[in-house]
Amino acid sequence: MDAATARMRLESMLAELDRSIGVLRGDPLTRWERSLADAGSVLTDADRTLAMLEAAAEQQQTVADALTRMDEGVYGRCADCGQAVPEGRL
């Protein structure tokens, strides 16, 4: 894969993660609109949302790091040995 294609894919992934994080954050006021009877499900939903936010933020950082490595000219090389990383892993 050429560098331009890789950059385009990484930037697209980053934009999608940004949108996903925005959706997951949602409107904090909506959680108070539920009845007290729903309190248990609200906690479960909040825990699930928090876990998804954390996972998305980790992916976001990974993609941003890849773009930084691309800018530095070392994208596609193993950080430990310097060998080329197979395209399927990029």
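Begin by selecting Glu 16, which is partly exposed, with 41% of its relative accessible area open, and keep in mind throughout that this is a predicted model. Add Arg 19 to the selection, and the two side chains are seen to meet in a salt bridge, with a distance of 2.7 Å from N to O. Because Glu 16 and Arg 19 lie three residues apart in helix 1, about one helical turn separates them. Arg 19 also counts as partly exposed, at 47% relative accessibility.

This pair belongs to a set of three salt bridges that the structure holds. To find the others, move to Arg 7, which at 26% relative accessibility counts as partly exposed. Which residues are linked with Arg 7 in a network of salt bridges? Select Glu 11 and Asp 71, since the network consists of Arg 7, Glu 11 and Asp 71.

Take the contact with Glu 11 to begin with: Glu 11 forms a salt bridge with Arg 7, and their closest N and O atoms are 3.7 Å apart, a value that falls within the 4 Å cut-off used for a salt bridge. Both residues sit in helix 1, which spans residues 3-25, and because they are four residues apart, the separation is about one helical turn. Glu 11 is partly exposed, its relative accessible area being 41%.

Now turn to the contact with Asp 71, whose side chain meets that of Arg 7 in a salt bridge at 2.5 Å, N to O. Here the pair links distant parts of the chain, for Asp 71 belongs to helix 2 (residues 39-72) while Arg 7 belongs to helix 1, and their positions lie 64 residues apart in numbering. Is Asp 71 buried or exposed? At 57% relative accessibility, Asp 71 counts as exposed.

For the last stop, leave the salt bridges and display the second largest pocket, which has a volume of about 460 Å³. To centre the view, select Ala 66, Arg 69, Tyr 75, Arg 89 and Leu 90, which are the closest to the pocket centre among the 20 residues that line this pocket. Colouring by secondary structure is useful at this point, as helix 1 and helix 2 are the elements that give two or more residues to the lining. If the lining is then coloured by residue class, the second largest pocket shows 13 nonpolar, three polar and four charged residues.

Technical notes
Residues are numbered from 1 along each chain as its sequence is written. This is a predicted model: local features need pLDDT of at least 70, side-chain atom pairs count only at pLDDT 80 or more; totals for chains, interfaces and linings use all residues. Side-chain values use heavy atoms; hydrogens and water are left out. Buried means under 20% relative accessible area, exposed over 50%, partly exposed in between (1.4 Å probe, protein chains only). On a 1 Å grid over the protein atoms alone, a cavity is a set of points where a 1.4 Å probe fits but cannot get out, and a pocket is an open set with protein on both sides within 12 Å along at least five of seven lines; lining residues have an atom within 4 Å of a point. Grid points are joined across faces, edges and corners, and a volume is the space filled by probe spheres set on the points. Ala, Val, Leu, Ile, Met, Phe, Trp, Tyr, Cys and Pro count as nonpolar, Asp, Glu, Lys and Arg as charged, and the others, Gly among them, as polar.
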